[in-house]
Amino acid sequence: MTLFLVLVIVAMVLGIIGAVAKGLLYLLFIGIVVFVVALVYLVLRIRRSGRRHRTLR
């Protein structure tokens, strides 16, 4: 979970710098890619955990 949070923070920082700084738009795209990688990592980790959510009856 820590890795996911770090990746999201890095994506946000890169996105903000890329959107604000003139000529650094590529950082925005790198931030978007890092964010997507973080989401894929989270989904894969949830699937591998094997935990099933119990429904309350």
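Let's start where the two helices meet. The buried residues of helix H1 have cover, and that cover includes helix H2. Keep in mind that this is a predicted model.

Now the overall count. The protein has two helices and zero strands. It has 57 residues, and 18% of them count as buried. The exposed surface comes to about 5,200 Å². Carbon and sulfur atoms supply 71% of that surface.

Take H1 next. Helix H1 runs over residues 2–20, which makes 19 residues. How far should H1 span at 1.5 Å a residue? The expected span is 27 Å. The end C-alpha atoms of H1 are 27 Å apart, so the model agrees with the expectation.

Which residues of H1 are buried? They are Phe4, Val8, Ala11, Leu14, Gly15 and Gly18. These residues cover an arc of only 135° around the axis, so they sit on the same side of H1. Look at the numbering as well. An α-helix has 3.6 residues a turn, so residues three or four places apart point the same way.

Turn H1 around. The face away from the buried side carries exposed residues: Thr2, Ile9, Met12, Ile16 and Val20.

On to the other helix. H2 covers residues 25–49. I will pick out three of its residues.

Leu39 is in H2. Is Leu39 buried, partly exposed or exposed? Its relative accessible area is 37%. Buried means under 20% and exposed means over 50%, so Leu39 is partly exposed. Now find Phe4, one of the buried residues of H1. Leu39 and Phe4 are 35 residues apart in sequence. In space, their C-alpha atoms are 7.7 Å apart.

Val36 is in H2 too. At 45% relative accessibility, Val36 counts as partly exposed. Its partner for our purposes is Val8, which is buried in H1. Val36 and Val8 are 28 residues apart in sequence. Measure C-alpha to C-alpha in the model, and the distance is 9.0 Å.

Val40 is the third, again in H2. Val40 has a relative accessible area of 45%, so this residue is partly exposed.

Last stop, the surface. Which residues make the nonpolar patch? They are Leu25, Phe29, Ile32, Val36, Val40 and Leu44. Together they make a patch of about 540 Å². Two of our three residues are back here, Val36 and Val40.

To recap: H1 has its buried residues on one side, and H2 is part of what covers them. Val36 and Val40 belong to the nonpolar surface patch.

Key
Residues are numbered from 1 along each chain as its sequence is written. This is a predicted model: local features need pLDDT of at least 70, side-chain atom pairs count only at pLDDT 80 or more; totals for chains, interfaces and linings use all residues. Side-chain values use heavy atoms; hydrogens and water are left out. Patches are made of residues with over 30% relative accessible area and no salt bridge: like charges are joined within 9 Å, nonpolar side chains (Val, Leu, Ile, Met, Phe, Trp, Tyr) within 5 Å. Accessible areas come from the Shrake-Rupley method with a 1.4 Å probe; for residues, only the protein chains shown count as cover. A salt bridge is a side-chain nitrogen of Lys or Arg within 4 Å of a carboxyl oxygen of Asp or Glu. Helices (H or I, at least four residues) and strands (E, at least two) are DSSP runs, numbered from the N terminus. Buried means under 20% relative accessible area, exposed over 50%, partly exposed in between (1.4 Å probe, protein chains only). The expected span of a helix is 1.5 Å times one less than its number of residues. The arc is that of the directions from the helix axis to the C-beta atoms. Contact means heavy atoms within 4.5 Å.
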